[in-house]
Amino acid sequence: MKYDIIVVGAGHAGVEAALAGARMGRKVLLLTMNLDSISLLACNPSIGGTGKGHLVREVDALGGEMGLLADRVTLQSKMLNTAKGPAVHSLRIQADKYRYHEEMKKVLENTKNLDLRQAEVTELIVEDGKVKGVVASAMDFYAPAVILATGTYLRSLCFIGDLVLDSGPSGLYNSKKLSDNLEELGFKLRRFKTGTPARIHAAYVDYDKLLIQNGDEKPIPFSFMNDSLDFEEMPCYLGYSNTTTHDIIQENIHLSAMYSGNIEGTGARYCPSIEDKITRFAGKERHQLFLEPEGASTSELYVQGMSSSLPERVQEEFLKSIEGFENVKIMRPGYAIEYDCIDPTILKLSLESRDIEGLYFAGQINGSSGYEEAAAQGLMAGINAHLKLDGREPLILRRDQAYIGVLIDDLVTKGTNEPFRMMTSRAEYRLVLRQDNADMRLSDLGYEVGLVSEERFSRKEARRRAFEEELVRLEKTSLPLDTINPYLEKKDLAVLSSSPKLISLLRRSDMSYEDLENLGFGSEISEDVKKMVEIEVKYKGYIEKQMRQVDQFRNLEDKRLPEDLNYLEIDNLRIEARQKLQTMRPDNLGQASRISGVSPADITVLLIYLEKRRRSEETRS
């Protein structure tokens with residue numbers, strides 16, 4: 001029963017961690033309380049979305065599985081925020097919930113070096129400040145690296161009105177003993193809460209009263225390994241609540257678990273229940289809802305936007321008040337779920353515990369929410385556990401390198417008082433962290449650590465060459481006036497007096513790459529490369545400005561802080577800064593500057609102290 005890495009939990013964090021470790025050559029054990037819960041889409045049947053789509057693309061670029069699998073089970077695909085700039089374009093797909101689970105289970109079962117086992121982990125084996133393994137179903141399993149990816153299962157409770165179910169999501173078993181063991185080991189656990197809406201029967205909806213929502217005509221894959229998608233689309237539908245709906249909820253709000261005092265945990269601000277919505281936005285006469293298919297082989301529909309912990313009879317009553325839902329039949333009621341998690345500020349940026357060597361945490365146990373955030377953390381924990389066993393430095397993605405870097409840095413450096421959700425607004429350098437260039441930013445790193453395959457790396461290189469060669473062609477090629485001017489006149493645009501370079505035309509706000517193709521001056525490159533070229537040309541000035549900001553940012557990030565530094569002895573630091581720095585032990589000055597309670601003046605003091613220390617060490621040597 002000896003392994004290199006043991007992963008506890010087979011949700012989105014756990015599967016990425018286990019696959020990463022196994023694919024890099026480690027002997028991995030993946031433990032889950034129920035094999036039927038592998039990669040369960042316990043809430044909405046979708047992958048991606050604003051900010052989250054970037055994470056999926058980055059997981060894929062580093063050699064993870066989520067993007068590849070999402071492409072195989074797509075029911076509908078849509079690029080969000082296309083009316084805004086390319087920095088916030090985010091891909092989102094409706095996924096077949098049941099196929100996603102089945103396909104991921106197949107991937108795990110057929111991965112070399114990976115053992116998949118159903119068992120409940122009740123205890124960590126820790127000796128001399130180092131993790132040695134786990135106790136699961138009264139058996140000992142040993143490994144020098146353990147990754148906890150327990151999701152929302154730790155001492156979880158589900159609430160439907162006054163009904164309190166001692167269970168995990170979707171009626172699955174929860175875990176109690178592991179929470180007790182973590183507290184015995186000195187971890188302070190917190191209670192967070194999330195929720196989900198009712199699932200209704202598709203046959204009892206009047207679709208004529210709703211607005212159909214179709215996906216994109218030319219859907220884009222999540223994975224850089226795929227050039228196109230082939231699937232049979234299933235539509236979504238848009239509807240609205242009304243004042244009657246709100247009255248019913250308001251009259252019964254005292255019965256909601258969220259308002260009756262039954263729930264202790266903190267909920268997600270960015271994913272409010274319908275009870276929260278009518279309370280926080282009392283002046284609104286209606287709220288949007290989306291009907292989303294749960295899969296091609298089921299009649300269950302997910303009612304996005306109607307998350308609730310009201311009693312089931314009240315849920316049915318308020319749903320029936322919605323136009324198109326008059327005859328609705330609930331198949332599964334909505335519920336709120338409360339669970340244990342840790343304060344992520346106790347972790348290193350590698351996601352390893354600062355107190356127990358070899359113990360990593362990933363996913364919702366770190367206070368995050370969402371499948372995509374979990375997958376990203378799981379992937380990084382798996383990579384870093386492998387690198388630690390190799391005696392190598394961990395892979396720490398900076399905030400200027402990836403949304404994953406922003407996600408982990410925010411969690412570890414700032415912490416969170418509610419379930420953390422990734423959003424584009426959290427990234428300072430989002431114009432250079434676009435989803436279209438994730439492979440250019442990250443696949444080299446994935447290749448260096450041994451996770452990105454030769455095939456994936458070759459595809460990335462071919463894409464990079466096509467991109468660079470096209471930019472050169474656009475710089476060198478001119479358009480004859482007798483070609484461009486008639487075209488401009490047709491578009492009711494001013495004619496030109498001299499032959500323009502292709503790149504100057506593409507730089508114009510009223511011209512696109514499609515215009516170059518219409519003129520017969522396009523190139524035989526893929527659609528995604530065309531899009532990347534167009535963004536690079538049109539936003540060149542903004543990108544260059546942001547890269548200068550990145551260079552300044554890296555000056556602090558590159559200044560490592562010694563592990564043996566005793567901040568309490570640095571006299572000129574304010575007391576609060578000394579205490580915060582001594583507790584959190586930041587890796588570098590950049591991370592130190594983002595800790596709450598550490599001021600710019602404190603960073604200046606640190607810079608001076610480090611320089612004096614360096615000179616002193618040089619003098620001694």
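How close do the axes of helix α2 and helix α10 come, and at roughly what angle do they cross? The views below, taken from a predicted model, begin with this pair.

**Figure 1. Helix α2 packs against helix α10.** The axes of α2 (residues 52-61) and α10 (residues 371-389) come within 9 Å and cross at roughly 30°. Angles under 35 degrees count as roughly parallel, and α2 and α10 are therefore described as roughly parallel to each other. The crossing of α2 over α10 is left-handed. On the α2 side, the contact is made by K52, L55, V56 and V59. These residues meet E372, E373, A375, A376 and L379 of α10. By class, the contact of α2 with α10 comprises six nonpolar, no polar and three charged residues.

**Figure 2. Helix α1 packs against helix α4.** Helix α1 spans residues 12-23 and helix α4 spans residues 97-109. Their axes lie 11 Å apart, and the packing angle is about 25°. That angle makes α1 roughly parallel to α4. As α1 passes α4, the crossing is left-handed. The residues of α1 in this contact are H12, V15, L19 and R23, and their counterparts in α4 are Y100, M104, V107 and L108. Six nonpolar residues, one polar residue and one charged residue make up the contact of α1 with α4.

**Figure 3. Strand β1 pairs with strand β2.** Strands of a sheet pair through backbone hydrogen bonds, either parallel or antiparallel. Strand β1 and strand β2 (residues 28-32) pair in the parallel sense, and four bridges join them. Within this pairing, I6 of β1 has L29 in β2 as its bridge partner. Are the residues on the two faces of β1 buried or exposed? On one side, I5 and V7 are buried, and on the other side I6 and V8 are buried as well, so that both faces of β1 are covered. In a regular strand the side chains alternate between the two faces of the sheet.

**Figure 4. K2 lies in the segment before strand β1.** The strand that follows this segment, β1, covers residues 5-8. K2 counts as exposed because its relative accessibility is 64%, and exposed means over 50%. Beyond residues up to four places away in sequence, K2 touches K27 and Y142. K2 and K132 are 130 residues apart along the chain, yet their C-alpha atoms are separated by 9.9 Å.

**Figure 5. Strands β7, β8 and β9 form an open sheet.** The order of the three strands is β7-β8-β9, and the pairing is antiparallel. The edge strands are β7 (121-127) and β9 (139-142), each of which pairs on one side only. From one strand to the next, the twist averages 30°. Strand β7 is joined to strand β8 (residues 130-136) by six bridges in the antiparallel sense. For I125, the bridge partner in β8 is G133.

**Figure 6. Six strands form an open sheet with antiparallel pairing.** The strand order is β15-β16-β17-β18-β14-β19. Strands β15 (211-213) and β19 (330-332) stand at the edges; each has a single partner strand, so one side of each is left without a neighbour in the sheet. The twist averages 35° from one strand to the next. Strand β14 (residues 199-201) runs antiparallel to β19, and two bridges join these strands. The bridge partner of I200 in β19 is I330. Helix α9 (residues 312-320) lies across β14, β18 (300-304) and β19, and runs at about 135° to β19.

**Figure 7. S77 is found in strand β4.** Strand β4 covers residues 74-80. S77 is buried, with a relative accessible area of 1%. Which residues does S77 touch, not counting residues up to four places away in sequence? They are L91, R92, I93, G215, D216, P219, I220, L229 and F231.

**Figure 8. R464 lies in helix α13.** Helix α13 covers residues 454-476. R464 is partly exposed, with a relative accessible area of 25%. The C-alpha atoms of R464 and S599 are separated by 41 Å, and the two residues are 135 residues apart along the chain.

Conventions:
Residues numbered from 1 in each chain as written. Predicted model: local features only at pLDDT ≥ 70, side-chain atom pairs only at ≥ 80, totals over all residues. Heavy atoms only, no water. Axes fitted to C-alpha atoms, helices over the stretch in contact; angles between N-to-C directions. Parallel < 35°, antiparallel > 145°, perpendicular 65-115°, else oblique. Left-handed = near helix turned anticlockwise from the far one by under 90°. Contact = heavy atoms within 4.5 Å. Nonpolar A, V, L, I, M, F, W, Y, C, P; charged D, E, K, R; others polar. Pairing = 2+ DSSP bridges. Buried < 20%, exposed > 50% of the residue type's maximum accessible area, 1.4 Å probe, protein only.
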